[in-house]
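Trainee: I should like to go through this structure with you, one question at a time.
Mentor: Please look at it first, and then let us begin.

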Protein chains: 2
Amino acid sequence: MERRQPRLKELSRELGLSITTVSRALAGYSDVSATTRERVREAAARSGYVPNRAGRALKSGQTGFVGLVVPVRDAQFIDAFLGEFVMGLGEALAEAGRDLALTTATRRQEEMDVLAHVVNAGQVDGMVVSRATCADPRVGYLLDRGVPFVLHGRVLEETRPHAWLDTDGAAAFGEAARRLVALGHRRFGLLTFSDPMTFAHYRRAGLEAALAEAGLALAPEAMAAAPRADPAALRAAAGRLLDAPERPSAILCATDTLAITLMEEAARRSLAIPRDLSVVGFDNLPVSSYASPGLTTFDARIQECGVAVARMLLAVIENGPAAVEPKLVAADFIPRASHGPAPG
Amino acid sequence: MERRQPRLKELSRELGLSITTVSRALAGYSDVSATTRERVREAAARSGYVPNRAGRALKSGQTGFVGLVVPVRDAQFIDAFLGEFVMGLGEALAEAGRDLALTTATRRQEEMDVLAHVVNAGQVDGMVVSRATCADPRVGYLLDRGVPFVLHGRVLEETRPHAWLDTDGAAAFGEAARRLVALGHRRFGLLTFSDPMTFAHYRRAGLEAALAEAGLALAPEAMAAAPRADPAALRAAAGRLLDAPERPSAILCATDTLAITLMEEAARRSLAIPRDLSVVGFDNLPVSSYASPGLTTFDARIQECGVAVARMLLAVIENGPAAVEPKLVAADFIPRASHGPAPG
DNA sequence: CTCGCGATCCGAAACGTTTTGGATCGATAG
DNA sequence: CTATCGATCCAAAACGTTTCGGATCGCGAG
């Protein structure tokens with residue numbers, strides 16, 4: 001039953017035409033007559049001919065793939081996003097007839113090696129670089145070899161211009177701070193990651209800027225951080241904030257998972273939310289609407305980001321890096337029951 | 001700065017060797033001397049040489065990619081799994097030096113066309129077929145053209161043998177039924193999908209078999225179903241179960257999302273869970289542990305399934321379809337607070 | 001009648017790799 | 001001395017596609 005797929009050679013023999021003509025007919029060139037073109041197209045459709053990717057890639061240099069490297073190590077962190085983001089990427093790529101080449105890096109340290117391998121094997125036309133760190137080495141690497149890419153997130157100091165798309169975490173946390181100040185809060189806390197993720201930096205910066213505007217400040221002991229991959233340390237960090245002598249009345253958390261951890265620790269200490277403590281997260285994970293109380297958070301519309309990143313990358317591949325402007329997209333405030341007026 | 005990647009030609013010229021020798025040295029053939037082999041390997045590592053995927057694919061017929069087609073339409077359904085499953089696939093593929101080629105089908109109807117396109121373009125060495133339906137047309141299609149594949153899920157009637165891996169939903173729902181019977185429940189209900197998904201069939205069959213063993217049966221009006229992609233209809237179906245004259249005291253739901261919907265509808269009707277009604281789901285989504293009360297469910301360990309499916313597929317690619325046995329894996333019962341003794 | 005031109009078509013090269021079938025050379029066996 | 005053999009190496013073909021530079025033919029202009 002095993003039917004081999006017809007290739008240009010078989011197709012041309014069957015039609016009594018040359019390989020060249022069949023190829024050009026399918027590509028729609030004007031130097032093949034309209035009747036021949038139709039005849040070729042009809043035969044191709046009937047036999048289910050699809051140009052071989054490898055052959056085309058070899059000649060044209062375009063593989064039809066866009067690469068994404070995802071680290072498999074800290075699954076608990078990325079899982080929640082990956083699905084949505086990949087869906088967005090795939091949706092936009094499908095429109096352009098491209099596919100996503102997904103490579104997993106089994107350890108964090110390998111991520112750079114894996115990227116180099118993918119790029120050097122020429123298996124992609126461009127890369128999506130996700131989860132940007134403050135001084136992400138991948139940016140320089142890709143710029144150096146002229147590989148089209150779009151960074152999802154931002155680098156702290158953009159020494160050489162490149163395409164990126166990031167959610168405006170600074171604006172979001174600024175907004176959250178102003179809303180909480182308006183509700184009477186004066187003592188703020190921040191629970192965040194100690195890893196050099198750029199988003200954590202900007203969320204903190206946005207919070208501090210808004211507090212400064214209100215004449216407030218984030219006390220050093222009101223900020224707790226721990227490595228993303230260390231749940232126990234994160235739990236401890238949350239506890240530290242709650243056990244501080246001058247416990248904050250409002251705590252912003254860099255992500256929803258942190259906020260959930262914080263709420264669990266608060267429950268263990270019999271603190272009522274939002275009566276004793278207001279909590280705000282970020283990401284709008286499905287979990288956050290089912291937590292009790294429902295978690296106030298921000299929605300970054302990850303799937304739309306995926307679509308936008310893919311479109312940007314296609315533009316870079318098509319027209320060069322200068323063709324696209326970096327994008328900063330706003331996150332939507334999702335008020336739920338975990339924040340309220342300041343106690344007292 | 002744009003450095004072009006060295007190819008076999010440049011590398012061989014630089015070393016004063018032929019392309020053949022360099023290629024064979026890197027492949028580890030014994031007909032190149034140990035000293036030359038080392039010299040070549042050192043030079044390749046230094047210059048960052050990686051064989052071009054397209055060139056290799058063209059000659060050897062192996063692309064190094066394994067394909068997965070995901071429909072982007074019903075994102076709300078697949079999102080929860082996709083991340084975990086893909087992680088598992090990627091993890092196992094990375095060990096074998098392969099990558100995942102992810103293609104999105106923008107509409108449900110297109111899924112078959114997309115599959116044909118991927119296969120006919122020769123862009124993959126094998127396919128992972130996910131979300132099996134009762135009489136899935138993809139199985140016959142792939143068998144016909146001798147494309148290696150593994151089905152995640154099962155087909156109802158396996159007319160021609162092929163590799164598949166499925167979670168034993170029948171056993172799981174049987175276990176749930178027996179536990180609930182032991183807790184005094186006699187009136188059972190089932191909330192499921194009306195789509196022809198195989199998993200829904202088996203979960204129902206497992207429930208009915210266990211009930212029959214206990215001398216019970218599922219009343220026709222105690223089963224409600226609606227299309228997966230229609231949240232309103234699903235909500236209505238849940239309501240129908242709750243409003244039935246002889247309301248079940250225990251309702252099994254084909255998935256956690258259905259169970260969550262049911263619990264929301266129950267809350268609107270002021271039914272207390274588990275006092276008035278026991279609810280059991282399936283999937284162990286993150287959400288299920290944060291619902292109140294926590295949802296009793298089954299964990300299918302999706303990531304491990306991804307790993308196993310990938311390993312099976314690699315074996316099929318390597319040694320032919322006869323080399324692997326289908327696998328039925330058990331799901332773990334995760335007892336939480338949503339089930340309890342029968343009322344009265 | 002010859003020339004040039006537009007409309008169609010095609011041969012051959014090239015992309016980078018792997019593999020087949022030798023070629024070369026020094027040493028060993030007869 | 002010649003034949004054989006093992007150890008090393010290499011030229012060339014092939015995978016399927018795209019594209020460059022023609023080739024062919026009929027027809028109208030000169």
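**How the two chains meet**

Mentor: In this predicted model, β2(A) pairs with strand β2 (residues 99-105) of chain B in the antiparallel sense, over three bridges.

Trainee: Which residue of β2(B) does A:A101 stand opposite?
Mentor: The two β2 strands are paired in the antiparallel sense. Within that pairing, the residue of β2(B) opposite A:A101 is B:A101.

Trainee: How are the two copies related?
Mentor: A turn of 180° and a shift of 0.0 Å along the axis lay chain A on chain B with an RMSD of 0.0 Å. The two copies are thus related as by a two-fold rotation axis.

Trainee: Why can one say that the copies meet through the same surface?
Mentor: The contact involves 52 residues of chain A and 52 residues of chain B. The copies meet through the same surface because the share of interface residues of chain A that are also interface residues in chain B is 100%.

Trainee: How much of the area buried between chain A and chain B do carbon and sulfur atoms give?
Mentor: The area buried between the two chains is about 4300 Å². In chain A, the residues that lose the most area to chain B are A:M87, A:N120 and A:Y290, together 15% of what that side buries. Of the area buried between the chains, carbon and sulfur atoms give 63%.

Trainee: How many salt bridges, and how many residue pairs in polar contact, does the rule find across the interface?
Mentor: For polar contacts between chain A and chain B, the rule finds 16 residue pairs, both residues being at pLDDT 80 or more. For salt bridges across this interface, the number found is zero.

Trainee: Which element gives the most residues to the side of chain A that touches chain B?
Mentor: Elements giving two or more residues to this side include α4 (53-60), β1 (65-71), α5 (75-95) and β2 (99-105) of chain A. By class, the side has 25 nonpolar, 15 polar and twelve charged residues. With eleven residues, the element that gives the most is α5(A).

Trainee: Which residue forms a salt bridge with A:R138?
Mentor: Side chains of opposite charge can pair when their charged atoms come close. Over all chains, the structure holds 40 salt bridges. One of them has its closest N and O atoms 2.9 Å apart, and in it A:R138 is paired with A:E111. The pair links distant parts of the chain, 27 residues apart, with A:R138 in helix α7 (residues 137-144) of chain A and, in helix α6 of chain A, the partner asked for, A:E111.

Terms used:
Residues are numbered from 1 along each chain as its sequence is written. Chains are lettered from A and ligands numbered from 1 in the order in which they are written. This is a predicted model: local features need pLDDT of at least 70, side-chain atom pairs count only at pLDDT 80 or more; totals for chains, interfaces and linings use all residues. Side-chain values use heavy atoms; hydrogens and water are left out. Contact means heavy atoms within 4.5 Å. Buried area is the accessible area (1.4 Å probe) that two parts lose on being put together, summed over both. A salt bridge is a side-chain nitrogen of Lys or Arg within 4 Å of a carboxyl oxygen of Asp or Glu. A polar contact is a pair of N or O atoms within 3.5 Å; within protein, one must be able to donate a hydrogen and the other to accept it, and residues adjacent in sequence count only if both atoms are side-chain atoms. Helices (H or I, at least four residues) and strands (E, at least two) are DSSP runs, numbered from the N terminus. Ala, Val, Leu, Ile, Met, Phe, Trp, Tyr, Cys and Pro count as nonpolar, Asp, Glu, Lys and Arg as charged, and the others, Gly among them, as polar. Two strands pair if DSSP finds at least two bridges between them. Copies are superposed by least squares on the C-alpha atoms of residues with pLDDT of at least 70 in both.
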